[in-house]
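User: I'm new to this structure and would like to learn how to read it. Could you walk me through it, one feature at a time?

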Amino acid sequence: LYFDGSVQDKIEANVVLEKQQIQSLYDSRIQKVENQISQLDSMIIAKTKQRDKQALIVASEIDGEVIQSVQGEVLTTGLSGKGPSAENKINQLAQLQKELNEQSETTKNLKKKYFEDINQLKTKQDSSIAAFSVSADYLRRELALDQLKSEKTIVGITQWFLICLFILVDILPVIFKTFAPFG
């Protein structure tokens, strides 16, 4: 009873800590799913850039412009019109557009599933935190007192002083009777 306030504070701090651990567990799971979503988005962006680059090459090929890559290789023939080289580049563009459409559809379905997973995890997180309760029974109080003793040595010293005081109070009548004169 002497440490009642401190024990209650420690129990409340432990409850907050355990709720934070539950929340961080679910937050890490949610973050993993969000990382998967961002990875899907980055794949779509990369494929879109590749398609846009090919569309620029096709437009330049048809217009007769000469484009060189960063490495110095010539990407277009420099002949205007829709020749065999332009047809080949248009077919490559169509293939890239088809791949982009397929990847977008797959990504859309996966993202839908991932968002459902995130909603389920958030629901489980909220219900787990709400359902978490701790009783202040004897064992919980003893564990909290033990934690207080390990954190602050004065608690252990005070506890031993109180134990010695109660022992003295309990044996005091026997001592008085022993040393009192007979009669």
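**Reading the helices and their packing**

Analyst: Let's begin with a pair of helices. In this predicted model, helix H3 (residues 138-151) packs against helix H4 (residues 153-179) at an angle of about 115°, and their axes are 5 Å apart.

User: Which residues of H3 and H4 make that contact?

Analyst: On the H3 side, look for Leu145, Leu148, Lys149 and Glu151; on the H4 side, they are Thr153, Val155, Gly156 and Gln159. Sorted by class, that gives 3 nonpolar, 3 polar and 2 charged residues.

User: Okay, now zoom out for me. How many helices and strands does the protein chain have?

Analyst: There are 4 helices and 0 strands, so the pattern along the sequence reads α-α-α-α. Helix H1 covers residues 4-63, which is 60 residues, and spans 86 Å from first C-alpha to last, close to the 88 Å expected at 1.5 Å a residue. Just after H1 comes glycine 64, with a positive phi near 85°.

User: What should I look for in a core?

Analyst: The general idea is that nonpolar side chains tend to be buried together in soluble globular proteins. Here, the largest nonpolar core has 9 residues: Ile22, Tyr26, Ile30, Val33, Ile37, Leu40, Tyr114, Ile118 and Leu121. H1 and helix H2 (84-131) are the elements that give two or more residues to this core, and H1 gives the most, with 6. There's also a second, separate core of 8 residues, including Phe3, Val15, Leu145 and Val155.

User: Can we pick one core residue? What is isoleucine 118 in contact with, beyond its neighbours within four places in sequence?

Analyst: Isoleucine 118 is in contact with Ile30, Val33, Glu34 and Ile37.

User: And what about the chain overall: what share of the residues is buried?

Analyst: Buried residues make up 23% of the 183 in the protein chain. The chain exposes about 13300 Å², with carbon and sulfur atoms supplying 59% of that. As for contacts between residues at least 6 apart in sequence, 68% join residues at least 24 apart.

User: Let's try a single residue, then. Why does asparagine 88 count as partly exposed?

Analyst: Partly exposed means falling between the 20% and 50% cut-offs in relative accessible area. Asparagine 88 has 43%, so that is its label. This residue lies in helix H2.

User: How far is asparagine 88 from valine 58 in sequence and in space?

Analyst: The two are 30 residues apart in sequence, and 9.2 Å apart in space, going from C-alpha to C-alpha.

Technical notes
Residues numbered from 1 in each chain as written. Predicted model: local features only at pLDDT ≥ 70, side-chain atom pairs only at ≥ 80, totals over all residues. Heavy atoms only, no water. Buried < 20%, exposed > 50% of the residue type's maximum accessible area, 1.4 Å probe, protein only. Contact = heavy atoms within 4.5 Å. Areas by Shrake-Rupley, 256 points an atom, 1.4 Å probe, with all protein chains shown as cover. Expected span 1.5 Å × (residues − 1). Core = buried A, V, L, I, M, F, W, Y, C linked by side-chain atoms within 4.5 Å. Axes fitted to C-alpha atoms, helices over the stretch in contact; angles between N-to-C directions. Nonpolar A, V, L, I, M, F, W, Y, C, P; charged D, E, K, R; others polar.
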